[in-house]
Amino acid sequence: GRRGAELKVMAAIEKKIPGFFTEAVEDFVDNEDWGTDNVCLSPDELSYALGKEGSTKRKIAKASGCIVEYVGYVAYLSGMWVARKRAREYLSWLQSHLSPNRSNAIKIDVEDREDATYIDVPVSAIGYITGDRRATLSKIEQDWSVLMFFVKTQTPAKEGAERLGIFGAPR
């Protein structure tokens, strides 16, 4: 649509003339039903949130149901409020992976989320499910338009297993 095209043009201009659109931009949450939120990112966060050839950006957009475009170091999230909220959360979870104090699993209460399903994965099968350099999980994420993370939940995983959170549309 028009907003996606507008953001793509803004990203191209920002690449050619850094700061043209983002010089004074700060984090912003639009409270309208349909709107655009801004999330400022560090260079490392942007690189991680973009992913190889934009793959992570596309996964966030598909799983959240909102337009995601990076203009300089600012993530512009456009769409319905609930979709933007999901995209902000997904971005924050990705950012937490870069924290030096992080554990392997992200703490998320998936039981109360409409966009989440979880499955217990036996520890002996994690390498197989994850694949070399996360290739198997990435392929599943791409095929089904979801994001997947190992998560810690209020209800613990079965003994000898870790909980895998699957985030996106229920289909």
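This briefing covers one lysine and the aromatic ring pairs of the structure. The model is predicted. Lys-57 sits in a helix and is buried. Six aromatic pairs occur in the structure.

**Lys-57**

- Lys-57 belongs to helix α3, which spans residues 55–64.
- Its relative accessibility is 13%. Buried means under 20%, so Lys-57 counts as buried.
- Beyond its neighbours within four places in sequence, Lys-57 touches Lys-8, Ala-49, Leu-50, Val-68, Glu-69 and Tyr-70.

**The pair Phe-20 and Phe-21**

- There are six aromatic pairs. One of them joins Phe-20 and Phe-21.
- This pair is edge-to-face, with 85° between the planes. The ring centres of Phe-20 and Phe-21 lie 4.9 Å apart.
- Phe-20 has 53% relative accessibility. Exposed means over 50%, so Phe-20 counts as exposed.
- Phe-21 has a relative accessible area of 29%. That value falls between the two cut-offs of 20% and 50%, so Phe-21 is partly exposed.

**The pair Trp-93 and Phe-167**

- Trp-93 and Phe-167 also form an aromatic pair, and this one is tilted. Their centres are 4.8 Å apart, with 55° between the planes.
- The pair links distant parts of the chain, 74 residues apart. Trp-93 lies in helix α4 (residues 81–96), and Phe-167 lies in strand β7 (residues 161–167).
- Trp-93 is buried, at 9% relative accessible area.
- Phe-167 is buried too, at 0% relative accessibility.

**The ring cluster**

- Ring pairs join Tyr-90, Trp-93, Phe-149 and Phe-167 into a cluster.

Terms used. Residues are numbered from 1 along each chain as its sequence is written. This is a predicted model: local features need pLDDT of at least 70, side-chain atom pairs count only at pLDDT 80 or more; totals for chains, interfaces and linings use all residues. Side-chain values use heavy atoms; hydrogens and water are left out. Helices (H or I, at least four residues) and strands (E, at least two) are DSSP runs, numbered from the N terminus. Buried means under 20% relative accessible area, exposed over 50%, partly exposed in between (1.4 Å probe, protein chains only). Contact means heavy atoms within 4.5 Å. Rings of Phe, Tyr and Trp (its six-membered ring) pair if their centres lie within 6.5 Å; planes under 30 degrees apart count as stacked, over 60 as edge-to-face and the rest as tilted.
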